[in-house]
Amino acid sequence: TVQEIWTQIAEEQVKLSTTIENGQLKDVHHLAFAIRDLVVALADKAGASSPAVAQKLKDLVEQVGASASKLDELGDAGNLSGAQAELAKLDTILKGIKTATM
């Protein structure tokens with residue numbers, strides 16, 4: 001369900017935040033891409049019931065994908081402050097998705 005996927009996204013957000021806080025940047029990409037994949041699944045599930053929601057989510061899903069890629073790059077580069085800033089952007093995007101789907 002949409003709610004179950006949100007629970008998984010929240011769990012991955014906590015892991016990603018903790019990973020960045022602890023400076024474990026080599027592990028960022030796995031978590032960022034897991035969130036991206038969950039958001040895609042969420043959009044498919046939520047969009048199936050409402051074409052209007054599907055349209056709203058399309059751009060937001062693309063933004064999550066771009067943010068995940070950016071987090072991967074920043075993690076690989078060892079850029080802690082950049083990863084922290086991008087995590088804040090990702091959190092904002094996810095809040096927008098939650099508003100659209102709940």
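Which helices are included in what covers the buried residues of α3? The cover includes α1 (2-21), α2 (28-49) and α4 (80-101). The model described here is predicted. This briefing takes α3 as its starting point, turns to three of its residues, and then considers α4 and α1.

**Helix α3**

- Helix α3 runs over residues 51-77 and comprises 27 residues.
- From its first C-alpha to its last, α3 reaches 39 Å, close to the 39 Å expected at 1.5 Å a residue.
- A kink of about 30 degrees occurs in α3, and L57 is at its centre.
- L57 is also among the buried residues of α3, which further include V53, L60, V61, V64, G65, S67 and A68.
- Towards the end of the helix, L71, D72, L74 and G75 are likewise buried.
- Just after α3, G78 adopts a positive phi of about 70 degrees.

**Selected residues of α3**

- V64 is a residue of helix α3, and its relative accessible area of 1% means that it counts as buried, the limit being under 20%.
- Apart from neighbours within four places in sequence, V64 is in contact with R36, V39, L90, I93, L94 and I97.
- V64 and G47 are 17 residues apart along the chain, and their C-alpha atoms are separated by 16 Å.
- S67, also found in helix α3, is buried, with a relative accessible area of 1%.
- When residues up to four places away in sequence are not counted, S67 touches E86, L90 and I93.
- L90 and I93 therefore appear among the contacts of V64 and among those of S67, and both are listed as buried in α4, since buried means under 20% relative accessible area.
- P51 belongs to helix α3 but is exposed, because its relative accessible area of 67% is over 50%.
- The C-alpha atoms of P51 and L71 are separated by 30 Å, the two residues being 20 residues apart along the chain.

**Helix α4**

- The 22 residues of α4 should span 32 Å at 1.5 Å a residue, and the 31 Å between its end C-alpha atoms agrees with this.
- The buried residues of α4 are G82, A83, E86, L87, L90, I93, L94, I97, A100 and T101.
- Viewed down the axis of α4, these buried residues fall within an arc of 130 degrees, so they line one face of the helix.
- On the other side of α4, the exposed residues are S81, T92, K95 and T99.
- The packing partners of the buried residues of α4 are α1, α2 and α3.

**Helix α1**

- Helix α1 has 20 residues, and the 28 Å from its first C-alpha to its last is close to the 28 Å expected at 1.5 Å a residue.
- Buried positions in α1 are V2, I5, W6, I9, E12, Q13, L16, T19 and I20.
- These residues cover an arc of only 140 degrees around the axis, which puts them on the same side of α1.
- E4, V14 and E21 are exposed on the other side of α1.
- The buried residues of α1 pack against α2, α3 and α4.
- G23 follows α1 and has a positive phi, near 70 degrees.

**Aromatic rings**

- K98 lies over the face of W6, at 5.4 Å from the ring centre, and W6 is one of the buried residues of α1.
- Zero aromatic pairs are found in a search of the whole structure.

Terms used
Residues numbered from 1 in each chain as written. Predicted model: local features only at pLDDT ≥ 70, side-chain atom pairs only at ≥ 80, totals over all residues. Heavy atoms only, no water. Helix = DSSP H or I, 4+ residues; strand = E, 2+ residues; numbered from the N terminus. Expected span 1.5 Å × (residues − 1). Bend = angle between axes of the 7 residues up to and from the residue. Buried < 20%, exposed > 50% of the residue type's maximum accessible area, 1.4 Å probe, protein only. Contact = heavy atoms within 4.5 Å. Phe/Tyr/Trp six-rings, centres within 6.5 Å; stacked < 30°, edge-to-face > 60°. Lys NZ or Arg CZ within 6 Å of the ring centre and 35° of its normal. Arc of directions from axis to C-beta.
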